[in-house]
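Got your viewer open? Grab the mouse and follow along, one selection at a time.

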Amino acid sequence: MDEKKTALHEDEWFDLMPVEKRLIGYSLGLGVGLLVILVWVSHTMM
Amino acid sequence: MPETIKKRSPYFSTEDWWAVWIGLLIVFLGMLKMGGADLVGWAVKTNMWADLSKALSPVSAVYKGLSGFTSLILTYVFLTAILSIAVAIMGGKVGRFIAGFTVIFGITYACWMVGNYIHVAATPDQYAKLKIDWSLRLTGEGGFVIALLAGLAIGNFWPGMVDFLKDATKPEWFVKTAIVILGAKVGLNALQSTGLAAQVVFRGLCAIVEAYLIYWPIVYFIARRYFKFTPEWAAPLASGISICGVSAAIATGGAIKARPVVPVIVSSLVVIFAVVELLILPFAAQTWLFREPMVAGAWMGLAVKTDGAAAASGAVADALIRAKAFSDLGVKWQEGWMLMTTTTVKVFIDIFIAIWAFILAIIWAFKIENRKGEKISTGDIWLRFPKFVLGYAALFLLIILIGVTAGKDTVKLMNIGVNQADTFRGIFFALTFFTIGLMSNFKRLWEEGMGRLAVVYLVCLFGFIIWVGLLISWLFFHGITPPLVG
């Protein structure tokens, strides 16, 4: 338990890096874009 | 000892692979019915009962000479034997496993029998036939919930017993075995309605792609920006909350080379919250989604984390919604389609974990931690690929193949054999429920100082994951219903 407590608190926080922001942006953008396409496909072609 | 492990074949060294072998063995034994051999008909079946002596019986009429109790003992001996062989080959402590499994099997089965008592299980359409005027209407699957509650009681208030049972407390193994067996049952369902099965698979895949791409970045952003977690914590947390719990947290932790303690802590949170969801969501689905059964099935798969809790939620929702639809709408849907939707969604989730972990491994190695020169092989995908999915898919395809090529009589016998083997799926599900409860120590959350992690989980899960999951499920599955009985 002590090991877990130490692990939980020892790292120092730093703000989102550009690569993380890109990962978030691409993932979300792709998700929303594909949502529209896949819903359309599933309701028109299946 | 390490040398022994090194020499052991990878195909026989993990619970994941053993779920495949045991699931295949049970279904193949059942399918020998096609050749005239009834090799699993002695397995115990739990009936709805008012008289306890009629609660148990062998699943096949061929063994009607056996008493229900003898059938129960045979089932226990069979399961203990095959599981113990697996434990021995994996290098586990066989004696401790057998001792623990005996207690787990006994309590689980007792709970399942209580769940099948008529005043617990009966649905309104059965009142006249059973000559009763009330029941809790939980259906036979109510026994799963009772097993879960029993597990939770022991898990939280009897630590000595938890310790005694820990070598046999293996919910992930039990549920993976159940899902492999389910592959055969789903194959049978698909044979009867191939168009619907194809729709469920396609829409399930769509739903998963969406859930992945939308859930993960939002949880990651919230954990990093508002709760001030470092990437080492935020990534396993995002995968654990948004994708598929324990396996995703562990795979992501491995992919980004987080310290081992990170996915362990996240996993314990995942298990605890999955239990809370399991107790709430199937009943919410019964109340508000009984007109949209497939939406409910997909929702269980997208919202409830961990394979065990999700499959369990799907099974309970399937039973509860069919019962309500019959009493309120007068329609009798075939059993298993909602559960099939849940497990289809979950199987795709398990496949995508490997792909997502691979993507994260590359990003972390080359962009976030700059571990240049480090090579990531595509073999990593195979290493992290959930092998039980192969067993599920193999049985599904085998049943379809036999169904479309064999004669009518052979298919009929296969149907009987697979349904007999499916009895074991129910038993493995029940074992999963009880052992999930055993592992869920609510006090642990606070004792380990995980308050901040728990708050992120709570905010993300109940703030948007459940609702986005519902929306995605609705978009892809609304208007689709299971085939009618008869």
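What share of the contacts in chain B with a separation of 6 or more comes from residues 24 or more positions apart? The figure is 76%, where a contact means two C-beta atoms, placed from the backbone, within 7 Å.

Some housekeeping before we click around. This is a predicted model, so local features need pLDDT of at least 70, side-chain atom pairs count only at pLDDT 80 or more, and totals for chains, interfaces and linings use all residues. Residues are numbered from 1 along each chain as its sequence is written, while chains are lettered from A and ligands numbered from 1 in the order in which they are written.

**Select chain B.** Colour chain B by pLDDT (the predictor's confidence in each residue, from 0 to 100): the average is 85, and 90% of the residues score at least 70. Now pick residues 1-5 of chain B, where pLDDT stays under 50 and the model has two contacts beyond four places in sequence. For the model as a whole, the scores are ipTM 0.87 and pTM 0.72.

Switch to cartoon and you'll find 20 helices and two strands in chain B; these are DSSP runs, H or I of at least four residues for helices and E of at least two for strands, numbered from the N terminus. The C-alpha trace spans about 70 × 55 × 50 Å along its principal axes. Of the 486 residues of chain B, 54% are buried, meaning 20 or more other C-beta atoms within 10 Å of their own (12 or fewer would be exposed, in between partly exposed).

**Next, helices 2 and 18 of chain B.** Select residues 15-31 and 408-439 of chain B: the two helices pack at about 145°, axes 7 Å apart. Axes here are lines fitted to C-alpha atoms over the stretch in contact, with angles from 0 to 180 degrees between N-to-C directions. Show sticks for the contact residues, including Ile26(B), Leu29(B) and Gly30(B) on helix 2 and Met414(B), Gly417(B) and Phe424(B) on helix 18.

**Last stop, Ser27(A).** Jump to helix 2 of chain A, residues 18-44, and centre on Ser27(A). Buried or exposed, given the C-beta neighbours of Ser27(A) inside 10 Å? Ser27(A) counts as buried because there are 21 of them. Leaving aside neighbours within four places in sequence, Ser27(A) is in contact with Leu213(B), Trp216(B) and Pro217(B). Finally, draw a C-alpha to C-alpha distance from Ser27(A) to His43(A): 24 Å in space, 16 residues in sequence.
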